[in-house]
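This briefing covers a two-part topic: how the domains of one chain meet, and which parts of the chain are enclosed. Please read it alongside the sequence and the model.

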Amino acid sequence: MDRVRVGIVGLGNISELNVPGYLEHPYCDVVAMCDTRPERARAVARSWGVPKVYGSLDDLLADDEVDAVEILTPTYLHAEHVISAARAKKHVSCQKPIATTVADARAMVSACAEAGVAFRVTENCCYYPPLERMREVIASGVIGTPTLLRIKTVVGETESAFQSAQDPEGYVWRFDARSPGGHLFDDVMHKYAMALWLVGEEVRSVQAIVRKGRLFFEAPMVALLEYGRDDLLGMMEVAHAPGMFIESDWFGADEFFEVQGTDGFVWVTRLSGRLHDLPPLVVVSGRTRTEVRDIEDRYEVSFRRAAGAFVDGLRAGTPVDLAPETAVRTLQLAFAVYESSNERRPVDPSELEGSVSPPWWPKTTDELMDDVMALGLMPEASALPGTDG
Ligand SMILES: NC(=O)c1ccc[n+]([C@@H]2O[C@H](COP(=O)([O-])OP(=O)(O)OC[C@H]3O[C@@H](n4cnc5c(N)ncnc54)[C@H](O)[C@@H]3O)[C@@H](O)[C@H]2O)c1
């Protein structure tokens, strides 16, 4: 395939970050878009110069000029949309999380394999240059044998134009029973993916404590990860700090990634937010400390590069980057965190085939209103604290 003709499915909040990478790729044509809100679709298509707009996925899938689709619809629709696209013989890129149950995720992988189409689940963090470099540093052996991974996420307040422009509709399905969980099932899915991808090791057991937080937050949360290799452990931490300001052009979340090895460590000090006045990447190896400042660290670049990788993979005819099986394991890890906390025991993620939710999920409207009042927020998403879904 010389040029890749892409159809975008779902033009909600995240499309602003996801679509530009397709629009600007020299060998990609965004030929069509579809959304069940046709006015929104028409307005977006006009601004991006996309010729065709459809009001249903079926109509877009019937278009022979579409080779591949980028699925940006709410997570609870991913299974239905990916399977339909596969049956229509379209190559598929789909946003994380892959699905709301492991069984659905497996059905999606099978449908794409049976149809002979490419399927990847977009994890933009894999294309964030500091994290990509971090993984290379680990694989190179510069820090020795990795022994400890730590990923901290804190969500606070931000004032980005992007956050203020978030459409409240995009939060409704995240807060109700259509999602099996809240923030840990949404934004933290990226960090679960990184816990697997950075060190290239399976997690064989999880011990976690998840507390009920305000709104859809599940914080504080701490999870201990036991990897397949005995001498490697991981720790994930999530906090909600509604009174803390996080400078960001996007979501009000701050991340800190650390992998300690026998000879040194490597840090990535940001992702969406810029809370610390620290270099994006720091590597300590033996007696040498390297601060890497001349590295592209804009969050939006990770989305552009993710889109580009999908197009490049299709053009090259090689398996597209990011095997969907990894997204299935990431989903199992997310459910293992809930299961371990619910049952107060270590959980092997590979045993989980359905879905798991926290006991309080979903919250009632009254509970959510109490949270809104307690946080002093107006009940519009524009006033909600930053969430990097
Ligand atoms: N990589 C990231 O950092 C990141 C960030 C945010 C969201 N996401 C993921 O992207 C997906 C979308 O999130 P969002 O925040 O943009 O949600 P959203 O609700 O803002 O947007 C979804 C869009 O899909 C449209 N839609 C709904 N049903 C449809 C259908 N049947 N056919 C066509 N269009 C339909 C809606 O009208 C809406 O415009 C989710 O899976 C989310 O987890 C990823």
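Which residues in H10 are buried? In this predicted model, the buried residues of H10 are Val188, Met189, His190, Lys191, Tyr192, Ala193, Met194, Ala195, Leu196 and Trp197. The chain is assigned a domain 1 (4-122) and a domain 2 (126-296 + 331-383), and the points below take up the helix, then the domain interface, then one loop residue.

**Helix H10**

- Helix H10 spans residues 188-197, and 10 of its 10 residues are buried, so the helix is largely enclosed by the rest of the structure.
- The buried set includes the charged residue Lys191, along with His190 and Trp197.

**Domain arrangement and interface**

- The C-alpha centres of domain 1 and domain 2 are 26 Å apart.
- To the contact between them, domain 1 contributes 19 residues and domain 2 contributes 25 residues.
- About 1700 Å² is buried between domain 1 and domain 2, with 61% of it on carbon and sulfur atoms.
- Two salt bridges are found across the interface of domain 1 and domain 2.
- Seven residue pairs are in polar contact across the interface of domain 1 and domain 2, both residues of each pair being at pLDDT 80 or more.
- On the side of domain 1 that touches domain 2, helix H1 (15-18) and helix H6 (102-115) each supply at least two residues.
- H6 gives the largest share of that side of domain 1, with four residues.
- By type, the residues on the side of domain 1 that touches domain 2 are 10 nonpolar, four polar and five charged.

**Asp167 and Arg37**

- A salt bridge joins Asp167 and Arg37, with 2.7 Å between the closest N and O atoms.
- Asp167 also takes part in a second interaction, as its backbone nitrogen is reached by the side chain of Asn13 at 2.8 Å.

**Asn13**

- Asn13 sits in the loop between strand S1 (4-9) and H1.
- Its relative accessible area is 18%; Asn13 is therefore buried, the limit being under 20%.
- Leaving aside residues up to four places away in sequence, Asn13 touches Phe162, Ala165, Gln166, Asp167, Gly170 and Tyr171.
- Asn13 and Gly170 are 157 residues apart along the chain, yet their C-alpha atoms are separated by 6.6 Å.

Notes
Residues are numbered from 1 along each chain as its sequence is written. This is a predicted model: local features need pLDDT of at least 70, side-chain atom pairs count only at pLDDT 80 or more; totals for chains, interfaces and linings use all residues. Side-chain values use heavy atoms; hydrogens and water are left out. Domain bounds come from an automatic or database domain assignment. Contact means heavy atoms within 4.5 Å. Buried area is the accessible area (1.4 Å probe) that two parts lose on being put together, summed over both. A salt bridge is a side-chain nitrogen of Lys or Arg within 4 Å of a carboxyl oxygen of Asp or Glu. A polar contact is a pair of N or O atoms within 3.5 Å; within protein, one must be able to donate a hydrogen and the other to accept it, and residues adjacent in sequence count only if both atoms are side-chain atoms. Buried means under 20% relative accessible area, exposed over 50%, partly exposed in between (1.4 Å probe, protein chains only).
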